[in-house]
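Trainee: Could we go through this model together? I would like to begin with how the helices pack.
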Amino acid sequence: MFLDFVVLIMQKIVKPYDNSQLSKKKQVEKMFDNISSNYDFLNHFLSFGIDHIWRRKTIRLMQAKNPKVILDVATGTGDLAFAAYKKLNPDKIIGLDLSNGMLEVGRNKIKKKKLEDKLEFVQGDSENLPFEDNFFDSVMVSFGVRNFENLNMGLKEIFRVLKPSGNIFVLEFSKPKKFPIKQLFGFYSKAILPILGSFISKDKSAYHYLPASVDAFPEGKNFTNELEEVGFSNSTLKTLTGGISSIYIAEKP
């Protein structure tokens, strides 16, 4: 308990709305509700479509494990869940997210694709997952762990609901280290992206929050240490596109 408290106060808490008294969790929910109608377009437009490639690489790494029951934490509108279903053909994928606005967009996709028997999206808290212990073969998270209010608690919950020998797959932004990608990514994420995102989404805070949350996230070895601290083993990471994003994989013993 004391260790959890120390980890929490050591983390730099970045919130979407500086002038709000709401918790980070509630602010993140509000932010994604606000941008849900434009989220898919912005996600692909602002990343120049590279996010599709990153998701496909994550799914390819999952293939060797052949998971049949999958949890997609912070599923948003379900891009990773749909990609996983198409490639892995599991028995069931459950997507969970704080934002009902995002989930409604995803649920409409499920209906359109007639996948009601294979995909289910539920509103819920990543730090208090509404599932029994040792339930999922794999848990995946794309661009969501940096939004956890308490990262340690969220990872503990994922560990709890995974079956023994199950794996977590995390796709998340990271900070490039090498010239010129470091400089180009820094300029784009802090100068260009907030302007374009704010103009299209009509939420001025959302796309200023994104680079701030990436800066605050304990990437690389720091994140694999977080995974191992809650009990995961055999943690590895793979950097993508010059270090703009990373895939983290770890196993529940």
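**Helix packing and cores**

Mentor: The axes of helix H7 (residues 151-161) and helix H10 (residues 221-229) come within 9 Å and cross at roughly 55°. Axes here are lines fitted to C-alpha atoms, for helices over the stretch in contact, with angles from 0 to 180 degrees between N-to-C directions. Helices (H or I, at least four residues) and strands (E, at least two) are DSSP runs, numbered from the N terminus. This is a predicted model, so local features need pLDDT of at least 70, side-chain atom pairs count only at pLDDT 80 or more, and totals for chains, interfaces and linings use all residues. Residues are numbered from 1 along each chain as its sequence is written, and side-chain values use heavy atoms, with hydrogens and water left out.

Trainee: How are H7 and H10 oriented to each other, and what is the hand of the crossing?

Mentor: H7 and H10 are oblique to each other, because angles under 35 degrees count as roughly parallel, over 145 as roughly antiparallel, 65 to 115 as roughly perpendicular and the rest as oblique. The crossing of H7 and H10 is right-handed, meaning that the near helix is turned clockwise from the far one by less than a right angle (anticlockwise would be left-handed).

Trainee: Which residues meet there?

Mentor: From H7, Leu151, Asn152 and Leu155 meet Phe223, Glu226, Leu227 and Glu229 of H10. By class, this contact of H7 with H10 has 4 nonpolar, 1 polar and 2 charged residues. Contact means heavy atoms within 4.5 Å; Ala, Val, Leu, Ile, Met, Phe, Trp, Tyr, Cys and Pro count as nonpolar, Asp, Glu, Lys and Arg as charged, and the others, Gly among them, as polar.

Trainee: And what about H4 and H5?

Mentor: The axes of H4 (residues 50-63) and H5 (residues 79-88) come within 10 Å and cross at roughly 45°. That makes H4 oblique to H5, and H4 passes H5 in a right-handed crossing. Arg55, Ile59, Met62 and Gln63 of H4 meet Asp79, Leu80, Ala83, Ala84, Lys87 and Leu88 of H5. The residues of this contact divide into 6 nonpolar, 1 polar and 3 charged.

Trainee: Which residues of H5 are buried?

Mentor: In H5, Asp79, Leu80, Ala81, Phe82, Ala84 and Leu88 are buried. Buried means under 20% relative accessible area, exposed over 50%, and partly exposed in between (1.4 Å probe, protein chains only). H5 is followed by Asn89, whose phi is positive, near 50°.

Trainee: Is Arg56 buried, partly exposed or exposed?

Mentor: Arg56, in helix H4, counts as partly exposed, at 46% relative accessibility. The C-alpha atoms of Arg56 and Ala83 are separated by 7.1 Å, with these positions 27 residues apart along the chain.

Trainee: Changing topic, which residues have the most contacts inside the largest nonpolar core?

Mentor: Leu119, Met140 and Tyr207 do, in a core of 42 residues. A nonpolar core is a set of buried Ala, Val, Leu, Ile, Met, Phe, Trp, Tyr and Cys residues joined through side-chain atoms within 4.5 Å. Apart from the largest core lies another, of 28 residues, among them Val69, Val122, Val161 and Ile168.

Trainee: Where does Leu129 lie, and what does Leu129 touch?

Mentor: Leu129 lies in the loop between strand S3 (119-123) and strand S4 (136-142), and Leu129 is buried, with a relative accessible area of 4%. Leaving aside neighbours within four places in sequence, Leu129 is in contact with Leu71, Leu96, Glu157, Ile158, Arg160 and Val161.
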